[in-house]
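Visitor: I would like to learn how to read individual features from a model such as this one. Could we take them one by one, with the general idea ahead of the particular case?

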Amino acid sequence: MSRLFRDVDGGPLCPNGSVVCIGAFDGLHLGHRALVRHAVERARVLGVAAVALSFEPLPREFFAPGNPPPRLSLARAKFEGLRDLGADVVGLLRFGDRLAAMSPEAFVERVLAQRLRAREVWVGPEFRFGHRRAGDLHVLHREGLRHGFVAGEIEPLLHEGERVSSTRIRQALVDGDFDAAARLLGKPYAISGRVVRGRQLGRTLGYPTANLRFGGKVPALRGIYATRVHGVADLPWPSVSSFGTRPTVGGVEPLLEAHLFDFEGDLYGSRIEIEFVARLRDEEKYPDLPTLVAQMHRDAAQARRLLQQHTPRRATA
């Protein structure tokens with residue numbers, strides 16, 4: 001069972017030492033996985049805890065609250081993914097004014113040395129940390145000599161000659177190229193969460209939906225999609241989903257709404273995962289509800305056809 005911690009201050013979490021990897025880990029793509037697996041392997045060799053260290057909110061979200069970067073995944077999905085990759089301890093440090101002002105040297109001393117008793121620290125290419133991003137691999141090497149750990153950088157993971165990155169995945173999602181996103185992620189792109197109650201307007205229109213909130217974050221995609229829902233039956237359930245603010249009915253908050261075809265049952269409170277298969281169209285504002293419902297009929301028919309033609313993709317290592 002992995003442990004989660006959020007705070008810079010506190011007693012030692014790994015009194016016998018640890019191997020630490022640090023990153024944003026948004027989406028946990030193949031490059032992230034390579035970094036985490038390397039740290040886990042080194043921890044097993046040394047017989048110490050494997051630690052995956054990240055931040056929530058991400059620093060880019062903190063510094064640009066009016067225009068935050070789109071997120072691929074939420075904090076819980078990040079924790080669960082890092083846990084499943086073998087991390088014994090997961091740090092999602094609360095990033096705020098105090099952490100933003102902390103020097104690289106202070107971060108190393110308080111977090112890596114005191115809390116985690118790091119023996120090795122591994123980062124990805126071009127890693128920067130600390131106040132004004134002044135810390136880098138050179139700083140980690142220098143501070144490691146003072147605090148008794150070694151630091152290293154893994155080689156960038158390339159796909160089709162370019163580095164695997166969250167930026168590439170976001171662009172693939174915007175383009176509706178879910179096959180490309182899946183190749184970079186090592187699995188189909190999906191969003192998980194607990195089903196919440198909405199306004200139940202879809203039920204009155206003949207399209208009941210399972211609704212997921214996106215935690216106040218900016219999603220990396222928006223529109224209408226052919227999807228599959230995991231967690232409601234032994235096999236993924238075909239569905240059509242809308243991800244947006246629902247402008248026709250005056251919505252504001254981004255909401256992911258999945259209509260499961262021919263499904264009967266109450267999903268409120270259940271944790272599900274919605275896998276994106278194909279993009280159908282942009283979100284639009286319609287003049288009235290009958291016009292909206294007519295378009296929903298067309299979307300559902302198109303989604304059914306696409307899902308029948310699409311073979312589910314398996315996750316890769």
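Visitor: Is C14 buried or exposed?

Guide: In this predicted model, C14 is buried, since its relative accessible area is 3%, and burial here means a value under 20%. C21 is buried as well, with a relative accessible area of 1%.

Visitor: How many disulfides does the count come to?

Guide: The general idea is that a disulfide is a covalent bond between the sulfur atoms of two cysteines. To be counted, the two sulfur atoms must lie within 2.5 Å. For C14 the closest cysteine sulfur is that of C21, 12 Å away, which is too far for a bond. Read from the other side, C21 has the sulfur of C14 as its nearest cysteine sulfur, at 12 Å, and takes part in no disulfide. The count therefore comes to zero disulfides under the 2.5 Å rule.

Visitor: Which residues of helix α8 are buried, and what do they pack against?

Guide: The general point about an α-helix is that it has 3.6 residues a turn, so residues three or four places apart point the same way. In α8, which runs over residues 178-185, six of the eight residues are buried, so the helix is largely enclosed by the rest of the structure. The buried residues are F178, A180, A181, A182, L184 and L185, and they pack against the helices α1 and α7 and the strands β7 (158-159), β11 (223-230) and β14 (271-281). Just after α8 comes G186, with a positive phi of about 85°.

Visitor: Where else does the backbone take a positive phi in a residue that is not a glycine, and which peptide bond is cis?

Guide: As background, most residues other than glycine have a negative phi, and most peptide bonds are trans. L28, although it is not a glycine, has a positive phi of about 45°; L28 sits in the loop between β2 (18-22) and α1, and at 7% relative accessibility it counts as buried. R133, another residue other than glycine, has a positive phi near 55° and is found in the loop between β5 (118-123) and α6 (137-147). The cis bond is the one from E56 to P57, where omega is near 0°, and P57 lies in the loop between β3 (49-56) and α2.

Visitor: What lines the largest pocket?

Guide: Reading a pocket means asking for its volume, its lining and the chemical classes of that lining. The largest pocket has a volume of about 1100 Å³ and is lined by 38 residues, with G23, A24, F127, R128 and R133 nearest its centre. R133 thus combines its place near the centre of this lining with the positive phi described above. The helices α1 (30-46), α2 (59-63), α4 (97-101) and α7 (166-174) each supply at least two lining residues, and the lining divides into 19 nonpolar, 10 polar and nine charged residues.

Visitor: Which residues lie nearest the centre of the second largest pocket?

Guide: They are T209, S242, R246, E257 and M296, out of a lining of 37 residues. Two or more lining residues come from each of α9 (201-204), β10 (210-213), β12 (237-244), β13 (255-260) and α10 (289-309). The volume of this second largest pocket is about 640 Å³, and by class its lining has 16 nonpolar, nine polar and 12 charged residues.

Visitor: What is L72 in contact with, leaving aside its neighbours within four places in sequence?

Guide: Contacts of this kind show which parts of the chain meet in space. L72 lies in the loop between α2 and α3 (75-84) and is buried, with a relative accessible area of 2%. Its contacts are D26, G27, S166, I169, R170, L173, Y189 and A220. With D26 the C-alpha to C-alpha distance is 5.9 Å, although the two residues are 46 apart in sequence. P312, in the segment after α10, counts as exposed at 53% relative accessibility.

Visitor: How many helices and strands are there in the protein?

Guide: The protein has 10 helices and 14 strands. Its radius of gyration is 21 Å, close to the 20 Å that the globule rule gives for 317 residues, so it is as compact as a globular protein of that length. Buried residues make up 50% of the 317 residues.

Key. Residues are numbered from 1 along each chain as its sequence is written. This is a predicted model: local features need pLDDT of at least 70, side-chain atom pairs count only at pLDDT 80 or more; totals for chains, interfaces and linings use all residues. Side-chain values use heavy atoms; hydrogens and water are left out. On a 1 Å grid over the protein atoms alone, a cavity is a set of points where a 1.4 Å probe fits but cannot get out, and a pocket is an open set with protein on both sides within 12 Å along at least five of seven lines; lining residues have an atom within 4 Å of a point. Grid points are joined across faces, edges and corners, and a volume is the space filled by probe spheres set on the points. Helices (H or I, at least four residues) and strands (E, at least two) are DSSP runs, numbered from the N terminus. Ala, Val, Leu, Ile, Met, Phe, Trp, Tyr, Cys and Pro count as nonpolar, Asp, Glu, Lys and Arg as charged, and the others, Gly among them, as polar. Buried means under 20% relative accessible area, exposed over 50%, partly exposed in between (1.4 Å probe, protein chains only). Contact means heavy atoms within 4.5 Å. The radius of gyration is taken over C-alpha atoms; the globule rule is 2.2 Å times the number of residues to the power 0.38.
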